[in-house]
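Biologist: Let us go through this model together. I will ask how each label is earned, and you set the value against the cut-off.

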Amino acid sequence: MIHLRSVGLAPDGRGQDAAFPFSVPAIRSLESISLEAPVTFFVGENGSGKSTLLEGIALATRLPAVGAERVDDDETLAAQRRLGAALRLTWNRRTHRGFFLRAEDFFGFAKSLARLRAELLGRLEEIDATYTDRSPMARALARGPAAASLSEMEERYGTNLDENS
């Protein structure tokens, strides 16, 4: 089911100042975009306003963000919050389920997983070095928590999220 039917600038949103994001031609000239398929692709040159508009829509829907900060507190989204406030969303059926995921958030998440994986591998190496003169059972018990965490992480995400993106 298609929940969001259309997106456009509200009539009072047209009088916004010339500052970003309203200085972007695609935003400044936005009348209405009809969303008629379950998946919509925004295609355009770098800097044409695709991400800005998507972020504005996400902020207008008041969905939570996946990133480290709440969207209300994220200083990098100040301009998009102004855009979100100026948008008019038309719904077939309003939903409050979902979330907002920016590419930057995915990259940050992938980096944090890579860092965590490296830390776990380092911890396992430390344990092996420390327990070199101990019994295999003692070494296995010491490795247990780090090995289990690493195994669960790799089962869920693989060994390198960048390879799966």
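Modeller: Start with Q80. Setting aside neighbours within four places in sequence, Q80 contacts F20, T52, E55, G56 and L59. Bear in mind that this is a predicted model.

Biologist: What makes these residues contacts of Q80?

Modeller: Contact means heavy atoms within 4.5 Å. F20, T52, E55, G56 and L59 meet that for Q80.

Biologist: Is Q80 buried or exposed, and how do you know?

Modeller: Its relative accessible area is 6%. Buried means under 20%. So Q80 is buried. Q80 lies in helix α3, residues 78–86.

Biologist: One of those partners is F20. What kind of peptide bond leads from F20 to P21?

Modeller: A cis bond, with omega near 10 degrees. P21 lies in the loop between β1 (4–9) and α1 (25–28).

Biologist: Why is T61 called buried?

Modeller: T61 has 5% relative accessibility, and the cut-off for buried is under 20%. Therefore T61 counts as buried. T61 belongs to helix α2, residues 50–61. Not counting residues up to four places away in sequence, T61 touches L89, W91 and R94.

Biologist: How many aromatic pairs does the whole structure hold?

Modeller: The search finds one.

Biologist: Why is the pair of F109 and Y157 called edge-to-face?

Modeller: Two values decide. The ring centres are 5.5 Å apart, and pairing needs centres within 6.5 Å. The planes stand at 75 degrees, and over 60 counts as edge-to-face. So the pair of F109 and Y157 is edge-to-face.

Biologist: What makes it a link between distant parts of the chain?

Modeller: F109 is in helix α4 (residues 103–130), and Y157 is in helix α5 (residues 136–157). They are 48 residues apart.

Biologist: Why are F109 and Y157 called partly exposed?

Modeller: Partly exposed runs between the 20% and 50% cut-offs. F109 has 36% relative accessibility, so F109 is partly exposed. Y157 has 26%, so Y157 is partly exposed too.

Biologist: And A114, which is in helix α4: what is its class?

Modeller: A114 has a relative accessible area of 47%. Exposed needs over 50%. So A114 is partly exposed. The C-alpha atoms of A114 and L161 are 8.0 Å apart, although the two residues are 47 apart in sequence.

Biologist: What makes you say that a charge sits over the ring of Y131?

Modeller: The charged end of R134 is 4.6 Å from the ring centre of Y131. The distance limit is 6 Å, and the charge must also lie within 35 degrees of the ring normal. R134 does count as sitting over the ring of Y131.

Biologist: Now the whole chain. Which pattern does it follow along the sequence?

Modeller: β-α-β-α-α-β-α-α-α. The chain has six helices and three strands.

Biologist: Why is the chain called more spread out than a compact globule?

Modeller: Its radius of gyration is 23 Å. The globule rule gives 15 Å for 165 residues. The value is well over the rule, so the chain is more spread out. Its C-alpha atoms fill a box of roughly 75 × 35 × 30 Å along the principal axes. Buried residues make up 28% of the chain.

Biologist: Which elements have the lowest and the highest mean pLDDT?

Modeller: Helix α6 (residues 161–164) has the lowest, 69, and α5 the highest, 95. The chain's mean pLDDT is 86, and 92% of its residues reach 70 or more.

Conventions
Residues numbered from 1 in each chain as written. Predicted model: local features only at pLDDT ≥ 70, side-chain atom pairs only at ≥ 80, totals over all residues. Heavy atoms only, no water. Phe/Tyr/Trp six-rings, centres within 6.5 Å; stacked < 30°, edge-to-face > 60°. Helix = DSSP H or I, 4+ residues; strand = E, 2+ residues; numbered from the N terminus. Buried < 20%, exposed > 50% of the residue type's maximum accessible area, 1.4 Å probe, protein only. Rg over C-alpha atoms; globule rule 2.2 N^0.38 Å. pLDDT = per-residue confidence, 0-100.
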